[in-house]
Amino acid sequence: MSHRPSSGLAAVSTALLAMSRHLEVRDVLKTIVASARELLDAEYAALGVPDDHGGFAQFVVDGVSDAQWKAIGPLPRQHGVLAAMLHDARPERLADVKKDPRFGGWPAAHPDMSDFLGLPIRDGDETIGTLFLANKRCPKPAGRCGFTEEDEELLGILAQHAAIALTNARLYERSRELTIAEERSRLAHELHDAVSQKLFSLRLTAQAVSSLIDRDPARAKGELQQVADLAAEAADELRAAVVELRPAALDEDGLVHTLRTHIQVLDRAHSAQVTFDSCGVRALPAAQEEAMLRVAQEALHNALRHSGADRVDVTVARRGQGAVLSVTDNGKGFEPRTVRRAGRHLGLVSMRDRSSGVGGRLTVQSAPGQGTTIEMEVPGG
């Protein structure tokens, strides 16, 4: 790999673009580590985020297989050279890390490392991580480090931008937690407005039936049917709310499986037919998958509660490096150009914000009496 400034800066630019595509902290950490290892042509790279108890809250490696990482054992503690970088906040460039007096050894399964370059990642006065590389792939003069001053300078540039990317990712996760709280508040209002009203009507109708049984049995029979209908509607509302409250297992199951399971439950809970199909979808960045799931849930909510549709079709398909989600219903539809006030009620503003927040695009196609199609496209990773 050439280390002329022009090629180095171009590689840094590529690495920064890669970091900017991700919003989840874990994704950002992985991208920083992979970018650093490629940038400086090192055999191994790692990044540790310290906790407040002498260990690491997160520790991401690149160049180590999953089996080897599992054999290494628990996350390292803050000691030796790692601790020095966290506490002294200065770069470390060593010809052989094992010969450094601060070296405290490593587990038997740990790969052998020699030359070493490490930098703290700082946000103002706070050290928020430690980035280090080992075993530069190049001829090494005897007793000298393969990593150069230029390497240290390039890694320093990367570390500065990594601090920005990591801070932004943390802010995003905090804002997402607030969004989840808002979602739960919205559901609480819906439960109060929809389910409580139905249960109140159910109670009144049941009281009316009890007074009619003796003097008008035929009318009482009709009122009992209304009681049954109201009970069924209330049960549907409760099941739908439980589905939305249940945390989606995106990390374990992925977008397609999570959506399919969600839609199967909705299909059973509602009188409308709800279908799902997918084609060639690859794994997407976690933030994009979550945004697509939330948009699908909002669009399904609108279709099943407000459109009067008896069929809703959901598809997810690959498009370029990304994917496109489509939710189509055959309900009453609306006029998009005159729905500004209803747009907030129907969650269109929220859906557009979720889409644009992950670099995606949302389109709405609808007309009175012709149903509605919500389409969301994301770029992928």
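A salt bridge is a side-chain nitrogen of Lys or Arg within 4 Å of a carboxyl oxygen of Asp or Glu. In this predicted model, Arg 90, Glu 92, Asp 100 and Arg 102 are linked in a network of such bridges.

The model is predicted, so local features need pLDDT of at least 70, side-chain atom pairs count only at pLDDT 80 or more, and totals for chains, interfaces and linings use all residues. Residues are numbered from 1 along each chain as its sequence is written, and side-chain values use heavy atoms, with hydrogens and water left out.

## Salt bridges

A search of the whole structure finds 14 salt bridges. Three of them are listed here.

| Pair | Closest N to O distance |
|---|---|
| Glu 92 and Arg 102 | 3.0 Å |
| Arg 102 and Asp 100 | 2.8 Å |
| Asp 151 and Lys 136 | 3.4 Å |

Where do Glu 92 and Arg 102 lie? Glu 92 is in strand S3 (residues 92–94), and Arg 102 is in the loop between S3 and strand S4 (116–123). The pair therefore ties together parts that are 10 residues apart in sequence. Helices (H or I, at least four residues) and strands (E, at least two) are DSSP runs, numbered from the N terminus.

Next comes burial. Buried means under 20% relative accessible area, exposed means over 50%, and partly exposed lies in between (1.4 Å probe, protein chains only). Glu 92 counts as buried at 5% relative accessibility. Asp 100 is buried too, at 12%. Arg 102 is partly exposed, with a relative accessible area of 29%.

The pair of Asp 151 and Lys 136 joins helix H5 (residues 149–212) to strand S5 (residues 126–136). These parts are 15 residues apart in sequence. Are Asp 151 and Lys 136 buried or exposed? Asp 151 is buried, at 0% relative accessibility. Lys 136 is buried as well, at 4%.

## Helix H4

In helix H4 (residues 80–88), Val 81, Leu 82, Ala 83, Ala 84, Met 85 and Leu 86 are buried. They pack against strand S1 (42–50), strand S2 (56–62), S3, S4 and S5. Contact here means heavy atoms within 4.5 Å. After H4 comes Ala 89, whose phi is positive, near 55 degrees.

## The five-stranded sheet

Two strands pair if DSSP finds at least two bridges between them. Five strands form an open sheet in the order S6-S7-S8-S10-S9, and the pairing is mixed. S6 and S9 are the edge strands, each pairing on one side only. On average, neighbouring strands are turned by 10 degrees against each other, direction ignored. Axes are lines fitted to C-alpha atoms, for helices over the stretch in contact, and angles run from 0 to 180 degrees between N-to-C directions.

How do S6 and S7 run, and how many bridges join them? They run parallel, joined by seven bridges. One bridge partner pair is Gln 273 and Arg 311, the latter in S7. From S6 the chain crosses through H8 to S7, and this β-α-β crossover is left-handed. A crossover is right-handed if, with the strands pointing away from the viewer, the path from the first strand over the helix to the second runs clockwise.

S9 and S10 run antiparallel, joined by six bridges. Arg 361 stands opposite Glu 377 in S10. Gly 359 lies in the loop between H10 and S9. Gly 359 counts as exposed, at 53% relative accessibility. Its C-alpha atom is 8.9 Å from that of Glu 377, although the two residues are 18 apart along the chain.

Two helices lie across this sheet's strands. H8 lies across S6, S7, S8, S9 and S10, running at about 5 degrees to S8. H10 lies across S9 and S10, running at about 145 degrees to S9.

## Nonpolar cores

In soluble globular proteins, nonpolar side chains tend to be buried together. A nonpolar core is a set of buried Ala, Val, Leu, Ile, Met, Phe, Trp, Tyr and Cys residues joined through side-chain atoms within 4.5 Å. The largest core here has 35 residues. Leu 255, Leu 259, Met 292, Leu 300, Val 312, Leu 325 and Met 376 touch the most other members. Several elements each supply at least two residues, including helix H7 (250–269), strand S6 (273–279) and helix H8 (286–305). Which helix gives the most? H8 does, with 10 residues.

Leu 300 touches His 262, Ile 263, Leu 266, Val 274, Val 312, Val 314 and Val 327, not counting residues up to four places away in sequence. A second, separate core of 30 residues includes Val 28, Val 60, Ala 165 and Ala 169.
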